[in-house]
Protein chains: 2
Amino acid sequence: MTLPRIAVDAMGGDEGVQTMISGAALARRRHDKFKFLLVGDEPRIKAALDAHPQMRGASEILHCDDVVSGDEKPTAALRRAKTTSMGLAVNAVKQGHAGAAVSAGNTGALMAMSKLSLRTIKGIDRPALAALMPSLGENDVIMLDLGANTECDARNLVQFAIMGAAYSRIVTGREAPRVRLLNIGTEETKGTEQLQEATQRLRAATGLALSFDGFIEADKINRGFCDVVVTDGFSGNIALKAIEGAARFVTDLLRNAFTSSLRSKIGFLVSRPATELLKHHLDPNNHNGAVFLGLNGVVVKSHGSANATGVANAVTVAARLLEEDLTHRISADLAELGETRLRSSARANAAGKVDREAEAEADTSEGQGA
Amino acid sequence: MTLPRIAVDAMGGDEGVQTMISGAALARRRHDKFKFLLVGDEPRIKAALDAHPQMRGASEILHCDDVVSGDEKPTAALRRAKTTSMGLAVNAVKQGHAGAAVSAGNTGALMAMSKLSLRTIKGIDRPALAALMPSLGENDVIMLDLGANTECDARNLVQFAIMGAAYSRIVTGREAPRVRLLNIGTEETKGTEQLQEATQRLRAATGLALSFDGFIEADKINRGFCDVVVTDGFSGNIALKAIEGAARFVTDLLRNAFTSSLRSKIGFLVSRPATELLKHHLDPNNHNGAVFLGLNGVVVKSHGSANATGVANAVTVAARLLEEDLTHRISADLAELGETRLRSSARANAAGKVDREAEAEADTSEGQGA
């Protein structure tokens, strides 16, 4: 098949046009079928393309002067959806001029523009931001939502589970990815009402292409026990950033330890290949490319400070989701859920639901394990 | 002054009576004025004391047969508050037979028993679980709540800020500890209504012995930018466990990297003092002892899997909070808040509050930065 083009917001991100273009060129060297629509300041894009002649042949430039700034409010950015590089990149997906958009700009603005322009898939109430994270298991783990929705109800969480599983099937090749809900304990009575209701719904649903394994605590996210971690955007953002911060904290301590004496400096030099391996594994550029799931089109957020390797990874994520037709996969799974919901709600009504809720409430109001 | 006794639940925790007694004995070797009330199975406690003759002289034993199990529901445990080692240790504080209680048992049960028996300080609606965490700054950072309250309103968060600051003053010696609210962004419009209202209240309050610096994101918790991180129990538990999990993940990767080749093994041996330093810094036993703040009495939770060093640290935390009279400090600060509240609410009414709220809502509903 011919892969549709990827629209790249060349102006977003802290690292500038050159990094975005170099990143896209790097992705293209890995997969030479990629074609691009580069959106932004034409003279600067052309200058950046001088270093990548083959990339130039695979690219079209869509000029614009306006750029969404990093600290701009989504409401303000939305008003300039038709004139900014970010807005035009997203719009190219809507118009069918590109199959996917990649931007390293303001996350809130990108979310708002994507939602308004592409709309959510039928059956999805809210899109979610999903990212791949390293794990000790065989494959990366997907976590969502990472901040698109501060508060979520049970219905949102169930939809996130389905979208995350669809993404995970592409990444892992598993028929039924192992899905868990992030919670502060694994007992059924732990956590919020929303989590308990989402658990009931996921347990009751049959025929979904996922295996629901209950709750997972935040210290187990990277252990490889599951493929998809589902959470509301507030907790997901806290968990993601806590993990990033702790990983940096440990590596900072390690650096301090290694430079604390001549002996440890020598040890560091000798073991450099090992520490380089660690650095590679933890480098956020190697896991760059968060995806807005649930939209009629693929939109990928590259980290604002990503280098060319990071941008190349984000572009590759976009291309892969296009090739594997993520959007249609999610729609198919939702249709499946629609059928099972009729069966499962009949069952839930039959069960003695009230007793369990009363018990759960008594326990959670008294205290949660730390 | 004579330090009141510390009641130790000798039966809680995964490591058994010997670890609890050895831990208490270790704390006593550091500070020989400590005296203990050891609660649990007398023959086993006596056997454990055989190895610590000096400790024996400083201890009284309160025998009981019943123990709260680790997976027991708080509601079930509460019914046996008068017969279990945990319940009797807490009750000893209530009766004035001890100044503080330490337990390594079921967190939810300990919270429920402490709350019911000791009641909250006047002016505190709900107690919170607080712990010290390592940081790159000069002192440890205190985070609360870590799971005692799944959902919190603005009033709870303000109370947590005051309690956390009182604890931090003891630990850091700072007159006005730097307090921040955990959020998914630092802009004023980010996060939940509760966080925004708590911010307004903390900014408006004057005369509190703390310096409120706004929001902090989860990747900055350990950077040393603040002394107290305030959050609801759900997010706090997620953040704490995510940090613990990520730290273990990185050290696991490091171990794998170091054993991946002969060269890296040699490097590891040479740099062992450096890695031992790292291990020491990250060992949870060195930060053991979470405190239930806001009760009429000091209750400290030792981690279930803590070793004797960990238990000794938890006992030392309890003793320190007793010596420094944490409970009265919190009461004094609350009295101060009562006075400022009158002034600040008058001011908040005068300000154009409605505009800001409408703007905040528009922005947060659209998307949050990841």
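**Symmetry of the two chains and the sheet of chain A**

In this predicted model, chain A can be laid on chain B with an RMSD of 0.0 Å by a turn of 180°, accompanied by a shift of 0.0 Å along the axis. The two copies are thus related as by a two-fold rotation axis, and the C-alpha of chain A that lies nearest this axis belongs to Gly267(A), at 2.3 Å from it. Of the interface residues of chain A, 99% are also interface residues in chain B, so the copies meet through the same surface.

Within chain A, eleven strands form an open sheet with mixed pairing, in which the strands follow the order S3-S2-S1-S4-S11-S10-S5-S6-S9-S7-S8. The edges of the sheet are formed by strand S3 (59-63) and strand S8 (211-216) of chain A, each of which pairs on one side only. On average, and with direction ignored, neighbouring strands of this sheet are turned by 25° against each other.

Strands of a sheet pair through backbone hydrogen bonds, in either a parallel or an antiparallel arrangement. The parallel sense is found between strand S6 (residues 141-144) and strand S9 (residues 228-230) of chain A, which pair over three bridges; Leu144(A) has Val230(A) as its bridge partner in S9(A). The sheet is also packed against by helix H8 (residues 193-204) of chain A, which touches strand S7 (178-182) and strand S8 of chain A. The direction of helix H8 of chain A makes about 160° with that of S8(A), the latter being one of the edge strands of the sheet.

Methods
Residues numbered from 1 in each chain as written. Chains lettered and ligands numbered in written order. Predicted model: local features only at pLDDT ≥ 70, side-chain atom pairs only at ≥ 80, totals over all residues. Heavy atoms only, no water. Least-squares fit on C-alpha atoms with pLDDT ≥ 70 in both. Contact = heavy atoms within 4.5 Å. Pairing = 2+ DSSP bridges. Helix = DSSP H or I, 4+ residues; strand = E, 2+ residues; numbered from the N terminus. Axes fitted to C-alpha atoms, helices over the stretch in contact; angles between N-to-C directions.
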